[in-house]
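Grab a pencil and open the viewer. Here are a few exercises with worked solutions; try each task before reading on.

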Amino acid sequence: MTLHPLLSQLLMPNRRAVIFALKGVVSMALALIVAMYLQLDRPYWALVSAVFLQIRPESGLVIEKALCQIFGSIVGGGVGILILALFMPYPLLALGCLTLWIGLNAAASSMVHNTNFIYAFAMSGMTAGLVVILVMANPSAADSQAVFDIAQSRISEIAVGAVCAMLVSQLLWPVTVKDSLRNHSRNVINHTLEYLSLELDPASTHEQRHQHADEILETLVVLNDDSSAVSYEGLEGPGRSRAANLLCNKVLSLLAVAQIMGRFPRNHPELVSPAFSELLADMRAHFIKIAEADSYDGSYQQAQALRRALLAHKAAYVNEAAIVIRLTHTAVELVADLVMVLRAYNALENRDQTLLKASKLKTHQDPLIGAINGFRTAFVFMIGSVVWLHTGSQAAIMLMIMPVVFAVMFARFSLVLLTYILRRLLLGVVVAIPVALIFGLGLLSRSSGDFEMLILVLAGPYFIGLLALADRPTLPYGLGFCIPFTLIVQPSNHMTFNMETATSNALGLFVGISILYWVFKLIAPLDGPFMQRRLVKATARDLTSIDYKRRPENWFNGRMGERLLRLANYDRGSGSPNRYMTDLGFTGLNIGHMSIRLRRRIKDHRSVAVDEKLGEWQQVLADTYLMSAGGHMNAQFRDVSKDLLAAIHATRSSDTQIANIEGMFERMALTFERTAKTVSEAKSPTSAGDQTAAPATAP
């Protein structure tokens, strides 16, 4: 019988989870003793800060997260002071401004993907909320000094927890982001090589290719997020960060070129000559050898052997078609990108000053998503504000603050994943309430009041909660347990052990998380065909901007990385059998790279006439991509391609150069025609459920 992930993690924890849990307990104990020693007003907020830093407790990530928390708290405290300075006599206006600030933070968090940067926005909203609400809760003592003291206390408590967790992560059993980067890089390279082999395998299936592509995209996004944190790990950190960015960028280039090499023989076998078929088989054999090599040197040598083999195949061609010659050049470019990927992987361990700097993968920034997430988070806060204004209950403060933090943290997830996370978070809260009331407060109320006894009582529940926090499937349980447990017990220098207040706080937390769950259900994240169309339109806009970028390939890869993952996630969530929207995303990546390669080929043959025709061609290229995404073919593309080819030929380009460019235009035209046909068939009611055409669009 298979155990539930939470039971499995608690009953049979792995060594890594135990170490992380022990480090977490030490971090929290240190944060509590420092906060109590400094006589801070609410030391338990230092514990809350330390708990958040136990999510991904690798040293570089903890440092980055600590800095983000401190910076976010300082900004939030300053905004809280400003709101009270302007609107202290007008509580409704103050709450309105606070609601707007929280909504803006939630909207801004939707524009970044890095979890640590999202924490900065969450801390900014939470700290501003605490400053304003705690001052308004005691209006008789509210003056400028009280406002400053509360802001200073909140910032100090968050900073103490962050710094203590950062010190412990560095001094006790340090685990580095570098190791995680190498593991992720190794996985993504292996998956990419397997994917390249599948693309050239006539027996591979549409589903197999998509599965590997999905895994590559997911790992790339994780690798990209972690690349910023590794820069905090010693003098070699910034170099490793650049290497990780280059690896991500070049893997996307490999995926783009793989589209070209894989789709052509599958969709146009009549154009594949025996010589080119032999070249494809040789490529696939070398990809397998590179994947099987047990060292960087072995992989690198196999990649160079593949490059020499491709050049030998090309030299042996006799009267090959233009499109075959063009695809052979593409194969050589693919190997060049593969060599750069291998070198970037090696640079994660061994310094390589010759590697060029590449762009990070950018978060797809959609203002509509930001507006919805901002409104949803502000609405959650408004509900808590109404309850607080009508009851004046201390518990309503918990109902206002913690759901806002979780709303910002989880805003970028899909509805399916949000439902999964919030249910587990709520279950963690349900478990934390009786443990805090009966075990925590019950035992502490009978203790001597010494700090040692306080730590001894709290260590057990925290260790169990941190065990759950150490594993990704059980993380929501751990977070739902540790944070409410801390806010219910509220360890400090002068604990009152008031069961009525503790029960009220517990009820506020439970109701607040429940409200958050249902608000997320009612105001669901944008998913499905609508968002897919916006992603495709954003890709088309980028196609028109390629000519204005200094490093167009790096720029375009950076824009497409997370966009492709979003399209893949939407497709998987819809249950679509043909995954044609994901294929459209890969087609956009493919077409963008073809456009960039065209510019490289004609860079020495640019003239006023060529530039004019190139600009017209680029706009028609984007328009044709959009039309094919709607299931229609744009006949104008072949016409403008002929005009551009004639303009290039007028610059006295060589016949070989013209043949290559002509082959490129022909391949792009075939891609658009096939894409339009596939989308049209996928949208047709008569073809619903028919999967026979799916392999024709496989990425």
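Buried means under 20% relative accessible area, exposed means over 50%, and partly exposed is what falls in between. Keep in mind that this is a predicted model.

**Exercise 1. The overall build**

Work out what share of the 699 residues of the protein chain count as buried, and describe the fold in broad strokes.

Solution.
- Start with secondary structure: the protein chain has 25 helices and zero strands.
- Next, the outline. Along the principal axes, the C-alpha atoms fill a box of roughly 90 × 50 × 50 Å.
- Now check the radius of gyration. A compact globule with 699 residues would come out near 27 Å, and the protein chain has 29 Å, which agrees.
- Apply the cut-off: 57% of the 699 residues count as buried.
- Finally, look at the contacts with a separation of 6 or more. Residues 24 or more positions apart account for 80% of them.

**Exercise 2. The cores**

Find which residues have the most contacts inside the largest nonpolar core, then follow L479 outwards.

Solution.
- A bit of background: in soluble globular proteins, nonpolar side chains tend to be buried together.
- Here the largest nonpolar core has 104 residues, and F52, M402, F406, F410 and L479 are those with the most contacts inside it.
- Take L479. Setting aside neighbours within four places in sequence, L479 is in contact with F52, I55, F406, M409, F410, L425, L469 and P484.
- Don't stop there: a second, separate core has 101 residues, including L255, M261, L564 and I661.

**Exercise 3. The second largest pocket**

Which residues lie nearest the centre of the second largest pocket, and which helices supply at least two residues of its lining?

Solution.
- Volume: the second largest pocket holds about 510 Å³ of space.
- Lining: 27 residues do the job, and R42, Y44, Q490, S492 and T496 lie nearest the centre.
- Helices: at least two lining residues each come from helix 3 (44–52), helix 6 (115–136), helix 15 (395–409), helix 18 (475–489) and helix 19 (499–522).
- Chemistry: the lining has 15 nonpolar, ten polar and two charged residues.

**Exercise 4. Backbone oddities**

Inspect the phi angles of Q39 and Q490: positive or negative?

Solution.
- Recall the usual pattern: most residues other than glycine have a negative phi.
- Q39 has a positive phi, near 55°, without being a glycine. Look for Q39 in the loop between helix 2 (15–37) and helix 3. Q39 counts as exposed because its relative accessibility is 52%, where the cut-off for exposed is over 50%.
- Q490 isn't a glycine either, yet its phi is positive at about 50°. Q490 sits in the loop between helix 18 and helix 19. We've met Q490 already, among the residues nearest the centre of the second largest pocket.

**Exercise 5. Two threonines**

Trace what T671 and T587 touch, leaving out residues up to four places away in sequence.

Solution.
- T671 belongs to helix 25 (residues 655–683). Its relative accessible area is 1%, so T671 is buried.
- T671 is in contact with R263, T587 and I591.
- T587 lies in helix 22 and is likewise buried, with a relative accessible area of 1%.
- T587 touches R263, Y625, T671 and T675. Put the two lists together: T671 and T587 contact each other, and R263 turns up in both.

**Exercise 6. Loops and long separations**

Classify R579, I546 and V430 as buried, partly exposed or exposed, and say where each one lies.

Solution.
- R579 is in the loop between helix 21 (552–574) and helix 22 (580–601). With a relative accessible area of 10%, R579 is buried. Beyond its sequence neighbours within four places, R579 is in contact with H206, H210, D214, A568, D571 and R572.
- I546 is in the loop between helix 20 (529–545) and helix 21. At 1% relative accessibility, I546 counts as buried. R599 is 53 residues from I546 in sequence, with 9.8 Å between their C-alpha atoms. R599 is also one of the residues that I546 touches.
- V430 lies in helix 16 (residues 415–444). At 39% relative accessible area, V430 is partly exposed. V430 and F510 are 80 residues apart in sequence, with a C-alpha to C-alpha distance of 7.3 Å.

Notes
Residues are numbered from 1 along each chain as its sequence is written. This is a predicted model: local features need pLDDT of at least 70, side-chain atom pairs count only at pLDDT 80 or more; totals for chains, interfaces and linings use all residues. Side-chain values use heavy atoms; hydrogens and water are left out. On a 1 Å grid over the protein atoms alone, a cavity is a set of points where a 1.4 Å probe fits but cannot get out, and a pocket is an open set with protein on both sides within 12 Å along at least five of seven lines; lining residues have an atom within 4 Å of a point. Grid points are joined across faces, edges and corners, and a volume is the space filled by probe spheres set on the points. Helices (H or I, at least four residues) and strands (E, at least two) are DSSP runs, numbered from the N terminus. Ala, Val, Leu, Ile, Met, Phe, Trp, Tyr, Cys and Pro count as nonpolar, Asp, Glu, Lys and Arg as charged, and the others, Gly among them, as polar. A nonpolar core is a set of buried Ala, Val, Leu, Ile, Met, Phe, Trp, Tyr and Cys residues joined through side-chain atoms within 4.5 Å. Buried means under 20% relative accessible area, exposed over 50%, partly exposed in between (1.4 Å probe, protein chains only). Contact means heavy atoms within 4.5 Å. The radius of gyration is taken over C-alpha atoms; the globule rule is 2.2 Å times the number of residues to the power 0.38.
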